[in-house]
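Below are some comments on the model you sent, set out point by point. They begin with the pocket and then turn to the overall fold.

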Amino acid sequence: EPRGVGARAEDRKIYLNWSAPSYPRGIITNYQVTYNGKKTYTENWESKIFYSKSEARPDGNAQAIVLESLQPDATYVLSLSAYTSKGQGNKSESIVIETHEAEPVKPPSPNVTSTLEKGTPAVAVNLTQPSDINGDIHA
């Protein structure tokens, strides 16, 4: 089992680091990082859930990896195991980490209409929420 597994997050990246197992039962050929992501967001005023399941296989000399192209404002569960010629070793304890919020996706252009009501000009502006706000929107 890899030791001292730690992680830190940005909006679309997680930096994972570790030390080799104390007793690897052979030469470590590679590691396996398994990570699952979950994010709840609103699209067109409707609640949606994003799930992902991925893995990475850094070589046996590695003690760190950067997981990229992740979803901002999402929760990821990561685990790590080492491989030798004899197979997979024990997995590390799972790490739960959240990526940071990011800028919202650009919203669609507003729909602007002008009318003349009772002799008075009026303008109506209809806004559409972005497809993903990537966190809380603050005024």
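**The largest pocket**

1. The lining of the largest pocket is made up of Glu1, Pro21, Tyr23, Pro24, Arg25, Ala82, Thr84, Lys86, Gly87, Gln88, Gly89 and Asn90. Two elements, β6 (75–84) and β7 (87–88), each contribute two or more residues to this lining. Please keep in mind throughout that the model is a predicted one, and that totals for linings use all residues.

2. As for its volume, the largest pocket holds about 190 Å³ of space. By residue class, its lining comprises 4 nonpolar, 5 polar and 3 charged residues.

**The overall fold**

3. The protein has 10 strands and 0 helices, so that, read from the N terminus, the order of elements is β-β-β-β-β-β-β-β-β-β. The radius of gyration is 23 Å, whereas the globule rule gives 14 Å for 139 residues, and the protein is therefore more spread out than a compact globule.

4. The extents of the C-alpha trace along the principal axes, about 85 × 20 × 20 Å, may be set beside that value.

5. With buried taken as under 20% relative accessible area, 33% of the 139 residues of the protein fall into that class. The exposed surface of the protein comes to about 9,100 Å², of which carbon and sulfur atoms supply 48%.

6. Where contacts link residues at least 6 apart in sequence, 61% of them join residues at least 24 apart.

Conventions:
Residues are numbered from 1 along each chain as its sequence is written. This is a predicted model: local features need pLDDT of at least 70, side-chain atom pairs count only at pLDDT 80 or more; totals for chains, interfaces and linings use all residues. Side-chain values use heavy atoms; hydrogens and water are left out. On a 1 Å grid over the protein atoms alone, a cavity is a set of points where a 1.4 Å probe fits but cannot get out, and a pocket is an open set with protein on both sides within 12 Å along at least five of seven lines; lining residues have an atom within 4 Å of a point. Grid points are joined across faces, edges and corners, and a volume is the space filled by probe spheres set on the points. Helices (H or I, at least four residues) and strands (E, at least two) are DSSP runs, numbered from the N terminus. Ala, Val, Leu, Ile, Met, Phe, Trp, Tyr, Cys and Pro count as nonpolar, Asp, Glu, Lys and Arg as charged, and the others, Gly among them, as polar. The radius of gyration is taken over C-alpha atoms; the globule rule is 2.2 Å times the number of residues to the power 0.38. Buried means under 20% relative accessible area, exposed over 50%, partly exposed in between (1.4 Å probe, protein chains only). Contact means heavy atoms within 4.5 Å. Accessible areas come from the Shrake-Rupley method with a 1.4 Å probe; for residues, only the protein chains shown count as cover.
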